[in-house]
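Q: I have a protein model open and I'd like to learn how to read it. Could you walk me through some features, a step at a time?

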Amino acid sequence: MDKPPVMNPLEIVSRAFSAGRLAHAYLLAGAGEQPRRRTLKKLGALLLCYMPVRSADGKLGSCNHCTSCRKVRHGTHPDLVEIMPQGASIKIEQIRKLQEQVIFAPLESKRRVVLIHSIDKMNLSGANALLKLLEEPPDHTHLLLSSGNISRLLPTIVSRCQVLRQASYGSGQETVDQMAKQIERPASRFLQYLVKELSIRDAEELSDIFAARDHIVEFLCGSHRHLLFLKIGGFLWSSPGRVRHTTLVLGTLLRDLMLLCKGSERAKAPATSSKGPILHNDITHVLCRLAERINYDTLEDYEKRLTMAQTMLERNVKPEMIADMLLVFWLKDHDRTRRD
Ligand SMILES: [Zn+2]
């Protein structure tokens, strides 16, 4: 007999959601803090979405467009509580504050969603306080917990949750190939870098990163940049995550362009690019053309600007402001090169 297919956490929760049988508490187990965090956020968004959408394969997901989805994305949803370690641990005060919050009914949604990341980083008093919440789950509240090491948790906590397993991927080329197929892009070094180094294994996120790259390359190569400015702006401003993706893409593109610029000074660029460690090797021809037009100093200017943007991101400056700063710089640079 065929073995039942292994279901991923989103599938399990989406089925329970459709059937109106959501558990009060889910515990997501698996390696990789960032992948777990992304999965919890997706689950949270689904539980709060006003108009969940069903994909072709029957799975439910958040619509990404309703007021609730927008608030989740911007971190301003009043019924989404997110707790993560402050420094090395989750403090008891964070759980106490949560206990006070869940007494009240949700403000905007039918339910309240509490995400607690890395609950293994909680001391015993914190764990006991959390256990109380699990034993007497407050009305309308769903707890979505995650842990990289469930063997370190109190067994009484684990037994009160439905445990979900984050799919573990091999770190090898097969994962890269699998993701390449899913997002219909070549298995470039850039994709390898995203999947292997940054552990991004979410097809939607990878697609969005490549979409950001398409927009940037179009903007940098295009001749009507004032029009392209509005287009790329619309894309970027629609989500703070996209500003993060853009800085990531821009950083790696700059690196490649700098390599090509240096290469073209010594030898002809294509020779470097076919063998060299160009990350965006699926669009080397486009980058070679760009490298011919841009001089090294301009690239260094871009790099400084980008480092500033990254620092601003880390300091939680509004992503829209960062996007503006990056884009306006590009536009100014464009004016400058046109005058030259
Ligand atoms: Zn929605």
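Q: Let's start with T39. Is T39 buried or exposed?

A: Buried means under 20% relative accessible area. T39 comes out at 11%, so it counts as buried. Keep in mind as we go that this is a predicted model.

Q: Where does T39 sit, and which residues does it touch beyond its sequence neighbours?

A: T39 is part of helix α2, which covers residues 33-48. If you set aside the neighbours within four places in sequence, T39 is in contact with P9, L28 and Q166.

Q: What about the loop before that helix: where is G32, and is it buried or partly exposed?

A: G32 belongs to the loop between β1 (25-29) and α2. Its relative accessible area is 33%, so G32 is partly exposed. You can also pair a residue with one far along the chain and look at the distance in space. G32 and I200 are 168 residues apart along the chain, and their C-alpha atoms are separated by 10.0 Å.

Q: Can I get a feel for the whole chain too? How many helices and strands are there?

A: The protein chain has 15 helices and 7 strands. Of its 340 residues, buried ones make up 48%. For the contacts, take those between residues at least 6 apart in sequence: 70% of them join residues at least 24 apart.

Q: Now for helix packing. How do α8 and α9 lie against each other?

A: Look at the angle and at the distance between the axes. Helix α8 (residues 189-197) and helix α9 (residues 203-221) pack at about 140°, and their axes are 12 Å apart. An angle over 145 degrees would count as roughly antiparallel. The two helices are therefore called oblique to each other. Their crossing is right-handed.

Q: Which residues make that contact?

A: From α8 come F190, L191, L194 and V195, and they meet L206, I209, F210 and R213 of α9. By type, the contact residues are 7 nonpolar, no polar and 1 charged.

Q: How do I read a pair of aromatic rings?

A: The general idea is to give the distance of the centres and the angle of the planes. This structure holds 1 aromatic pair. The partners are F190 and F210, with 5.5 Å from centre to centre and 70° between the planes, an edge-to-face arrangement.

Q: Which parts of the chain does the pair tie together?

A: F190 is in helix α8 and F210 is in helix α9, so the pair links parts that are 20 residues apart in sequence. F190 has a relative accessible area of 0%, so it is buried. F210 also counts as buried, because its relative accessibility is 0%.

Q: Let's follow the chain onward. How does α9 pack with α10?

A: α9 and helix α10 (residues 225-237) pack at an angle of about 165°, and their axes are 9 Å apart. That angle makes α9 roughly antiparallel to α10. This crossing is left-handed.

Q: Which residues of α9 and α10 meet there?

A: On the α9 side, the contact is made by D208, A211, A212, H215, I216, E218, F219 and L220, and on the α10 side by R225, L228, F229, K231, I232 and F235. Sorted by type, they are 9 nonpolar, 1 polar and 4 charged.

Q: Could we zoom in on I232? Where is it, and is it buried or exposed?

A: I232 lies in helix α10. With 2% relative accessibility, I232 counts as buried. Its C-alpha is 5.9 Å from that of H215, while the two residues are 17 apart in sequence.

Q: One last feature: the backbone angle phi. What is the phi of N64, and what is the phi of H140?

A: The thing to check here is the sign of the angle and whether the residue is glycine. N64 has phi near 75°, a positive value in a residue other than glycine. H140 has phi near 60°, again positive in a residue other than glycine.

Q: Where are these two, and are they buried or partly exposed?

A: N64 is in the loop between β3 (60-61) and α3 (67-74). Its relative accessibility of 33% means that N64 counts as partly exposed. H140 is in the loop between α5 (124-135) and β6 (141-147). H140 is partly exposed as well, at a relative accessible area of 45%.

Note on methods: Residues numbered from 1 in each chain as written. Predicted model: local features only at pLDDT ≥ 70, side-chain atom pairs only at ≥ 80, totals over all residues. Heavy atoms only, no water. Axes fitted to C-alpha atoms, helices over the stretch in contact; angles between N-to-C directions. Helix = DSSP H or I, 4+ residues; strand = E, 2+ residues; numbered from the N terminus. Parallel < 35°, antiparallel > 145°, perpendicular 65-115°, else oblique. Left-handed = near helix turned anticlockwise from the far one by under 90°. Contact = heavy atoms within 4.5 Å. Nonpolar A, V, L, I, M, F, W, Y, C, P; charged D, E, K, R; others polar. Buried < 20%, exposed > 50% of the residue type's maximum accessible area, 1.4 Å probe, protein only. Phe/Tyr/Trp six-rings, centres within 6.5 Å; stacked < 30°, edge-to-face > 60°.
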